[in-house]
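Thanks for making the time this morning. I would like to walk you through one model, going from a sheet to a helix and then to the contact between two chains.

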Amino acid sequence: MSTPADLTLPEGAPEEVITHAIVRPVDLTPFGFKGTLALITLDNGQDHTRPNTFGAKSLAALNEAITSAIASAPAAIAITGKPFIFAAGADLSALAFLNKREQSLAIGKFGHDVFRRLGEIDIPTFAFINGLALGGGLEVGLHCNYRTLSSTAFTGLPEVFLGLVPGWGGATLLPKLIGPEKAVQVIMLNALNNNTMMKAKDALSLGVVDAVYEPADFLEKSVSFAASVLSGSTKIERKDFSNDPAWDSALATGRAAALKKYGGAEIAAPTRALELIAAAKTATRSSGFDAEDQALADLTMSDPLRASLYAFNLIQKKRKKVEGAPKPALGRKVAKVGVVGAGLMASQLALLFVRNLKCPVVMTDIDQARADKGVAWVRAELAKLVEKRRMSQESADRLSALVSGSADQSVFTGCDFVIEAIFEELSLKQELFKKLETIISPECVLATNTSSLSVEAMSEGLKNPERVVGFHFFNPVAIMPLLEVARTTKTDDATTATAVNIGKELKKTMVITKDAPGFVVNRLLTRFMGEITDAMDEGTPPEIADNAMRSIGFPMSPFELLGLVGPGVALHVSETLNKNLGPRYKISPTMQAMVKAGIRTFYIKDDKGGLIANPEAVELIVSGDKSSTAEQVRSRALTALAEEARMMLDEGVVATPAEIDLCMLLGAGWPMHLGGILPYLDREGISEAVSGKRFHQPGIASLP
Amino acid sequence: MSRSVVLVDAVRTPFGKAGSLYAGTRADDLIVRAMRGLLERNPKIAPTDIDDVAIAAATQSGDQGMNIGRSATLLAGLPNSVPGYSIDRWCAGALTAMTTIAGSIAMGAYDVGIAGGVEHMGNHPMGEGIDPNPRYLAEKIVEQDALAMGNTAERLHDRFPAITKERADRYALGSQEKTAKAYAEGKIQKDLIPTATRSPELGWGVATIDEPPRPGTTMEALAALKTPFRPAGRVTAGNAAGLNDGATVSLLASEDFAKAKGLSIKARLVTFAFAGVEPEVMGYGPVPATEKALKKAGLTIADIGLFEINEAFAVQVLAFLDHFGIADDDPRVNPVGGAIAVGHPLASSGVRLALNLARGFEEHPEVRYGITTMCIGLGMGGTIIWENPHFTKGAK
């Protein structure tokens, strides 16, 4: 079998970094078995930062290696990786350029044709998984008869996370190997849970691998394992799961996890993966692999997958590179941080700063008791980390000692960076910054965590307005990866560079925005929510309004999100944006009534833990007589998003459409198959209906 | 308060030609692999029992630097509580690691220790980074020849004209033949720890045998080799050890500790000595070192039933044999061959001699005493006298 002709890369695709497969004989005699092992090494010749991957040429190379290994008539064949890396799966860079279904089908089939030889030849095969093995990388191993794993290696099948299925044998072989429950865990639950990878001990206990060895002599131990299997002194039992009673419940668990992840929407990738897992109960290898090929081709040739790949690459790229950031060298050294406020938000900030910057962090509040409470919260969180064994006692002691609190703002003397997280009231913040200027040095950065107020207005009247910057985190601060860095017209490069340098140390992905009301995430979310509440206030039944977006796959409905944010905060933001951006930001009388009545959530849990409308909230709905259909609600909400995004680009709030997508992916948790949001608006024709043009050229985040 | 010190066990990696078998393998990975192999086959020793780890390397930089003794201890996964240090006496590094650990055990400070050596001559060519003081030559402290080992071997030929090139070649041939025979009988493989190798071109492999031996060598082939150190010289690549990569490691303990833990006892250390000679004829070092050690032990050369002498150069072995009146092909000398065949990764060779001698003791319960001896650059020799724990009185 040679590389099928239709696997030539389409125009524009990057040259494949070929993973070579090198065969070398290993004498098993010293390991107690008379015979030779043909050892195949996968190595693309690059260091560990560019893992081995499988494109068409790499598959052909492996195919050739298997042929030459078989030709040497060995006692066994084993496959291993380069240092620290086994293989990271399919070459995704090529995937985004496939433009014909036959081509996509061919690469899936070619992968199967090559890999399955390892499971179907009459020579025992072993995978010595010496390092990272993801997706197709782990699947190569699953085709082998036996697997060993390095104790420090991570493995997993992230396909469903990416919008694919483990389609090179994984979806069929894994359920047969470890049973439905564990396969659902690996293929569905891990992937849907932010792409959780398995540690070696997890892979061993799940039965994905047969033995785990320390990296110092992993290869020698693995060869020894192979010899002991060949000689019969080690016996590996395999179970037949075809009559396992857990198939239905396992599939239901997987289905529930997918529905939860996508707010009740049925999304193609998890659905197809579940179908393949279900089929694995009775499917032959061939019929299973054929079904995988079809699923892979369907998904690959779909816009959601292209949007997903775009989103994945965007997140990877922007984690390192902040668009529009000044040179890092312009930033100033930060050795002491001040946090104004000691409430929950401020305390979360103090914890984040002290954990990552490991420098003194001083907190202030209006009285000593409040300041003490904030410090105590930070210390208690550190203690929890020790309890969970995620931090040593020594580190926690060190960090605890770095946090202090006071009612006297003179403790900010000597700070290099002070961030405020006080009540969202412009005059208060202006007054605060003026006072702080009398305490801190002229170079100390003054940052605000405001979500919707004007940063520029806060800097008015200051001696050094150039050191003021917006530093907008998302709740919960420790988990949400996005940080919006807002520059005013006066913010200088040294200040921005300092802020970005800190953001990097805090391990946040940053987007630099203009100082515009609501920056990016809140501006879009509030506009979007406003359309839903407005539809309800006009007379659309709340369940219709709130469920209008379900099928798209947002992680939660607008009203569920409202419960999380709190109606008070949401109302405040919409009032601010209404004032600063205009009446298209609706102020909902229902929301006002809810805040007035002190009702915090639109949904409450019923006896069974399901969500039902809160009768107290329903009571307060100010309902007109104009009811819309779900279709109408969805259309107006999406149209509003497209309008607002276009305005933001026209105003220069961010540099590119990609920044908007990045913000929605990381700040709002919007799903990858929407590409954030703009690729979805493009493919639904909404962008063009609104402004006559798309946000992204065809092929960037969609099929070409 | 001297205590009896015993060799519990010793192992090594297969040796490679410099920059060949282990071209893509680090020196510290070699010594780590040997250490893990040694501990794995001695499960009665708890890693926490190990009082110290002494590892030798002749060049202590790069992957043989960072205090290779401590570094290897950490990389081998020994508990943090186990300390380690580095040793350098050029070729006699591992031999000195053994005497130093043994000395600490004998004086009662330690119960058990690890002594070994590593040299990756592919990564660290001989003479790497050396900076000889100009006084050496200006003040004639040494002659130029003293600084190149091949020249010192030629100088030894000059001193002992009876040791001809033909004799040296014949000795070398014998070394190759003895090694080939020992391999065929499976004797050498017993103490080799299979070791992963990797090169970007060849991928991963596992070394299970020495790479340097040239079975099938002939006198004709040896005679045809060039004499790179001088025109019409006698020293060739065939009658000298090559440039090699490898690691060795041994476990030494007080006899009381070994017995209490039920450990194997492969040899009992009697005494040792180091001695200096003119640097220009460093290959003569084993002679005074052995004389000195014998005297300390109250033994004579006639008491020694097995000799493990490092074959840096054939001439240096022959000078030793001539001095003690031993035949070139005496079966007591290097019975499984030596460095001319299997290689000489400088600082690692001392332990290889000890592990060969221990196997010889097993085979020859009639022998009571054996020695390991080697020459050392800049004019030295080192000798350890060992007693055979399997010795049966009454046998010859």
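**The open sheet of chain A**

Let me begin with an open sheet in chain A, which has six strands in the order E1-E2-E3-E5-E7-E9 with mixed pairing, where two strands pair if DSSP finds at least two bridges between them. Strand E1 (20–27) and strand E9 (211–213) of chain A stand at the edges with a single partner strand each, so one side of each has no neighbour in the sheet. On average, neighbouring strands here are turned by 20 degrees against each other, direction ignored, with axes being lines fitted to C-alpha atoms, for helices over the stretch in contact, and angles running from 0 to 180 degrees between N-to-C directions. At one of those edges, strand E7 (residues 146–150) of chain A and E9(A) pair in the parallel sense over three bridges, and A:Ser150 stands opposite A:Tyr213 in E9(A).

Before I go further, a word on provenance: this is a predicted model, in which local features need pLDDT of at least 70 and side-chain atom pairs count only at pLDDT 80 or more, while totals for chains, interfaces and linings use all residues. Residues are numbered from 1 along each chain as its sequence is written, and chains are lettered from A and ligands numbered from 1 in the order in which they are written. Helices (H or I, at least four residues) and strands (E, at least two) are DSSP runs, numbered from the N terminus.

**A covered strand and a covered helix**

An automatic or database domain assignment divides chain A into domain 1 (5–301), domain 2 (328–514) and domain 3 (521–652). The centres of domain 1 and domain 2 of chain A, taken over C-alpha atoms, are separated by 45 Å.

Strand E16 (residues 482–487) of chain A has six of its six residues buried, a residue being buried if 20 or more other C-beta atoms lie within 10 Å of its own, exposed if 12 or fewer, and partly exposed in between, with C-beta atoms placed from the backbone. E16(A) pairs with strand E15 (residues 468–473) of chain A in the antiparallel sense over five bridges, and with strand E17 (residues 509–514) of chain A in the parallel sense over six bridges. Among the bridge partners, A:Phe471 is matched with A:Val485 in E16(A), and A:Leu483 with A:Met510 in E17(A).

Helix H7 (residues 170–178) of chain A is also mostly covered, with eight of its nine residues buried. Those buried residues pack against several helices of chain A, including helix H5 (136–143) and helix H13 (285–300), and H7(A) is followed by A:Gly179, whose phi is positive, near 90 degrees.

**Where chain B meets chain A**

The contact takes 17 residues from chain B and 17 residues from chain A, two residues being in contact if their C-beta atoms, placed from the backbone, lie within 7 Å. On the side of chain B, helix H1 (27–40), strand E6 (195–199) and strand E7 (203–207) each supply at least two residues, and E7(B) gives the most, with four residues.

I will finish on B:Arg33, which is found in helix H1 of chain B. Is this residue buried or exposed? B:Arg33 counts as buried because it has 27 C-beta neighbours inside 10 Å. Leaving aside neighbours within four places in sequence, B:Arg33 is in contact with A:Asp217, B:Thr13, B:Ile193 and B:Thr195.
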